[in-house]
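I set out to record what I looked up in this structure, entry by entry.

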Amino acid sequence: MTTTFSVEPGGALRGDLRVPGDKSISHRSIMFGALAEGRTRVSGFLDGEDCLATLAAFQAMGVPIERPERQTVTIEGVGLAGLRKPPAPLDMGNSGTAMRLMCGVLAGQPFDSVLVGDASLSRRPMRRVTDPLAAMGARIDTGEDGTPPLHVHGGQRLRGFLHTLTVASAQVKSALLLAGLWSDGETCVTEPAPTRDHTERMLVGFGYDLQRDGRRSCLRGGGRLVGRAVEVPADISSAAFFLVGASIAEGSDLLLRHVGMNPTRTGAIDILRLMGAAIEVLDEREIGGEPVADLRVRSAPLQGIRIPQELVPLAIDEFPALFVAAACAEGETVLAGAEELRVKESDRIQVMADGLSALGVRCEVRPDGIRIHGQAAFESGTIASHGDHRVAMSFAMAALRASGPIVIEDCDNVATSFPGFAGLAADAGLGIRVL
Ligand code: S3P
């Protein structure tokens, strides 16, 4: 039995809420805290299954980590040379971030290790990290088609390397910078377009010497990280469901507190504003090296747009929600250059297109994107989420503009990134029931 969401049509989102902590920053807080010297205390941590998989992996490698209360983690860092061989394969669950970043960490260890994941993660491409790591001297075996499980051979001597990435991927960039910590000489990564830079910010925050110049980041191996306090802002990727829900549901007025506003993450706000959304950014401040703000969003009529190419990597996780907004906009919305969406937790172009079609929305799928024809309302229907958390939450919000109930199947994985989603959304006014 898996979780099903049943969502009544109509309603509006109102009130004042804080969504859970940022997933990308939470993963990295565990990794850098574990590899640092001294104690790291993390507050605002995302207690979701993905980040807990990262936490358990470091515990299995001998790092003392405690969770004294909800959303709080203390880590007694063991330093860059302090990890121990895990007694069993490390299970990264549903998390591509955990598995790919761990490749960079494990490549530089003296011991062998194995990384495994759930059915979705076991289908995702890993050569994008294992190939460039091999250029640094790492040895990681993948399945025949480049998928997990991954066997990481320890005891390899890593050499710094000047990487020029062809895919705009923060996971790949981060894995290579992490491996650089254990490499001789300098490791540089140049990315084709800006992607989320939490790794770079956090390395500097933990006292590591990292040089940044435009789209290039460089570091030398052999330094040290120093434990510190980390305050994780609310996840803009989780806030995005509410930004879309409040935009499409007439009469909505919602305040989202303490949202991470790192400029490499705010593409969804830019895209929604181009569509006509009424989003105000209030009380901008910086906390622990990351910009944060409160967001006020009110319902507004949306127009279809051609999504600017440069915003694609900056909104890469928000497209399922943005497709729901596009389906309620006047006119057509066109997305291109987003083939990466096909290798996320599901094939998000096809799975979203199938779901939109099931609700009566006309759309045309392309290899690298989609064209969505906006309309007044969604029809009632049943959605197969394919176990993709963001697909499930996006279609839950669609009910705000539907003519009948929307049922979403296979919603267990909402707990990977947004524990408590249904409760928080119901409190704000969504007619959601968990079956
Ligand atoms: C992430 C990077 C992105 C994003 C993922 C989190 C990260 O993946 O989709 O949810 O924390 O580095 P890619 O690097 O594959 O684009």
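I took a polar contact to be a pair of N or O atoms within 3.5 Å; within protein, one atom must be able to donate a hydrogen and the other to accept it. I also noted at the start that the model is predicted.

**Entry 1: Asp 22**

I looked up Asp 22 and found it in the loop between β2 (14-17) and α1. Is Asp 22 buried or exposed? Its relative accessibility is 2%, so I entered Asp 22 as buried, the cut-off for that class being under 20%. I then checked its side chain and found one of its polar atoms 2.8 Å from the backbone nitrogen of Ile 25. Leaving aside neighbours within four places in sequence, I listed the contacts of Asp 22 as Leu 46, His 198, Val 232, Pro 233, Ala 234, Asp 235, Ile 236 and Arg 265.

**Entry 2: α1 against α6**

I next followed helix α1 (residues 23-35) to helix α6 (residues 198-205): their axes come within 10 Å and cross at roughly 35 degrees. I recorded the crossing as right-handed. Which residues meet here? On the α1 side I noted Ser 24, Ile 25, Arg 28, Ser 29 and Phe 32, and on the α6 side His 198, Thr 199, Met 202 and Leu 203. I sorted the residues of this contact into four nonpolar, four polar and one charged. His 198 thus appears in two of my lists, as a residue of this helix contact and as a contact of Asp 22.

**Entry 3: the sheet with β11**

I traced an open sheet of four strands in the order β11-β13-β15-β14, with mixed pairing. β11 and β14 (210-213) are the edge strands; each has a single partner strand, so one side of each lacks a neighbour in the sheet. I noted an average turn of 15 degrees between neighbouring strands, direction ignored. β11 pairs with strand β13 (residues 186-190) in the parallel sense, over three bridges, and in one of these strands, β13, I found Cys 188 as the bridge partner of Leu 162. I then looked at what packs on the sheet: α5 touches β11, β13, β14 and β15 (216-220), and its direction makes about 170 degrees with that of β13. I also saw α6 lying across β14 and β15, at about 140 degrees to β14.

**Entry 4: α4**

Which residues of helix α4 (residues 127-135) are buried? I listed Arg 128, Val 129, Thr 130, Pro 132 and Leu 133. Their cover includes α3 (96-107), β8 (139-141), β11 (162-164) and α5 (170-180). Just after α4, I noted that Gly 137 takes a positive phi of about 105 degrees.

**Entry 5: the sheet with β1**

I traced another open sheet of four strands, ordered β23-β24-β1-β25, again with mixed pairing. What stands at its edges? I found β23 (381-384) and β25 (432-434) there, each with a single partner strand, so one side of each is left without a neighbour in the sheet. For neighbouring strands here I noted an average turn of 20 degrees, direction ignored. β23 and strand β24 (residues 406-409) run parallel and are joined by four bridges; in β24, Glu 409 stands opposite Ala 384. Lastly, I recorded that helix α13 (residues 421-428) packs on this sheet, touching β1 (5-7) and β25, with its direction at about 155 degrees to that of β25.

Definitions and conventions:
Residues numbered from 1 in each chain as written. Predicted model: local features only at pLDDT ≥ 70, side-chain atom pairs only at ≥ 80, totals over all residues. Heavy atoms only, no water. Axes fitted to C-alpha atoms, helices over the stretch in contact; angles between N-to-C directions. Left-handed = near helix turned anticlockwise from the far one by under 90°. Contact = heavy atoms within 4.5 Å. Nonpolar A, V, L, I, M, F, W, Y, C, P; charged D, E, K, R; others polar. Buried < 20%, exposed > 50% of the residue type's maximum accessible area, 1.4 Å probe, protein only. Pairing = 2+ DSSP bridges.
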